[in-house]
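Work through the exercises below with the model open beside you. Try each task before reading its solution.

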Amino acid sequence: MNHLYPIFLKVHELNILLVGGGFVGTEKLEFLLKSSPKAQVTVVSKMFRPEFLELAEKAETVTLIEDSYDEKYLGGKHLVIAATDDKKVNLQIRNEAKERFLLVNVADTPALCDFYLGGIVTKGNLKIAISTNGKSPTTAKRLRQLLEEVLPEEIDDLLDNLNAYRDTLKGDFEYKVKAMNEVTEALVKKR
């Protein structure tokens, strides 16, 4: 059973430390920036792949530090992503971050993670997160691709219209829920 609690973080208001500028670090940075283009990310790595640098250059909120990991880089951070190719360094990052009560993701090591970077579908204001509890990132990826294909771009218009309608409703919470249910019931009726 999946016991994870899904949340949506305002990573443009949080400070993230990403350690690693290789293949996995590139994937993690790409994921963060795709979902939140203004994510505040500090990256520490001894080297950066050209693809990583290309991605980082497009984002004003990414700071690169060419250095080996050191505990000092945890200062002022809210989330930490360990994405080096050295398991000992990743474990060190995790342990030192946990001592500071920071949330940590250790790439490709679910047992050491406080959170996973799952599949995310974004259509305007609609965002759907997909978790396989760390069991199969490939399944999350395929479900993401399916949902991106079947959800129409106009879904954002629906959200805007429902929001505008909700703003016109007067009354208590119970009344508003009943009114919104009546209006949206047609969305799920079989034809």
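The exercises go from the overall fold to pockets, rings and single loop residues of this predicted model.

**Exercise 1. The fold**

Task: Find how many helices and strands the protein chain has, and the pattern they follow along the sequence.

Solution. Start with the count. The protein chain has 6 helices and 7 strands. Next, read along the sequence. The pattern is β-α-β-α-β-β-α-β-β-β-α-α-α. Then take the extent. The C-alpha trace spans about 60 × 35 × 35 Å along its principal axes. Finish with burial. Of the 191 residues, 33% count as buried.

**Exercise 2. The largest pocket**

Task: Locate the largest pocket and state which elements and domains line it.

Solution. Begin with its volume, about 1600 Å³. The lining has 50 residues, and those closest to the pocket centre are F31, Y116, L117, G118 and G119. Now assign elements. Two or more lining residues come from each of α1 (23-35), β4 (79-82), β5 (103-106), β6 (119-123), β7 (126-130) and α4 (137-150). The largest share, 7 residues, belongs to α1. Check the domains. Domain 1 (16-117) and domain 2 (118-151) each give at least three residues to this lining. Last, sort by class. The lining of the largest pocket holds 25 nonpolar, 14 polar and 11 charged residues.

**Exercise 3. The second largest pocket**

Task: Describe the second largest pocket by volume, central residues, elements and residue class.

Solution. The volume of the second largest pocket is about 490 Å³. Of its 26 lining residues, G20, A83, T84, D85 and D86 are closest to the centre. Map the elements next. At least two lining residues come from each of α1, β2 (40-45) and α3 (87-99). By class, the lining of the second largest pocket divides into 11 nonpolar, 9 polar and 6 charged residues.

**Exercise 4. Rings**

Task: Search the whole structure for aromatic pairs, classify what you find, then look for a charge over a ring.

Solution. The search gives 1 aromatic pair. The partners are F48 and F52, with ring centres 5.3 Å apart and planes at 35°. Stacked needs under 30 degrees and edge-to-face needs over 60, so this pair is tilted. Are the partners buried or exposed? F48 and F52 are both buried. Now the charge. R49 places its charged end over the ring of F23, 3.5 Å from the ring centre.

**Exercise 5. Three loop residues**

Task: Place S36, F101 and D108 in their loops. Then decide for each whether it is buried or exposed.

Solution. Take S36 first. It sits in the loop between α1 and β2. S36 counts as buried because its relative accessibility is 12%, and the cut-off is under 20%. For a distance check, pair S36 with D167. The two are 131 residues apart in sequence and 27 Å apart in space, C-alpha to C-alpha.

Turn to F101, in the loop between α3 and β5. Its relative accessibility is 76%, so F101 counts as exposed; the cut-off here is over 50%. Check the backbone too. Phi of F101 is positive, near 60°, and the residue is not a glycine.

End with D108, in the loop between β5 and β6. With a relative accessible area of 70%, D108 is exposed. D108 has a positive phi of about 60°, although it is not a glycine.

Conventions:
Residues numbered from 1 in each chain as written. Predicted model: local features only at pLDDT ≥ 70, side-chain atom pairs only at ≥ 80, totals over all residues. Heavy atoms only, no water. Phe/Tyr/Trp six-rings, centres within 6.5 Å; stacked < 30°, edge-to-face > 60°. Buried < 20%, exposed > 50% of the residue type's maximum accessible area, 1.4 Å probe, protein only. Lys NZ or Arg CZ within 6 Å of the ring centre and 35° of its normal. 1 Å grid on protein atoms, 1.4 Å probe; cavity = no way out; pocket = protein on both sides within 12 Å on 5 of 7 lines; lining within 4 Å. Points joined across faces, edges and corners; volume = space filled by probe spheres on them. Helix = DSSP H or I, 4+ residues; strand = E, 2+ residues; numbered from the N terminus. Nonpolar A, V, L, I, M, F, W, Y, C, P; charged D, E, K, R; others polar. Domains from an automatic or database assignment.
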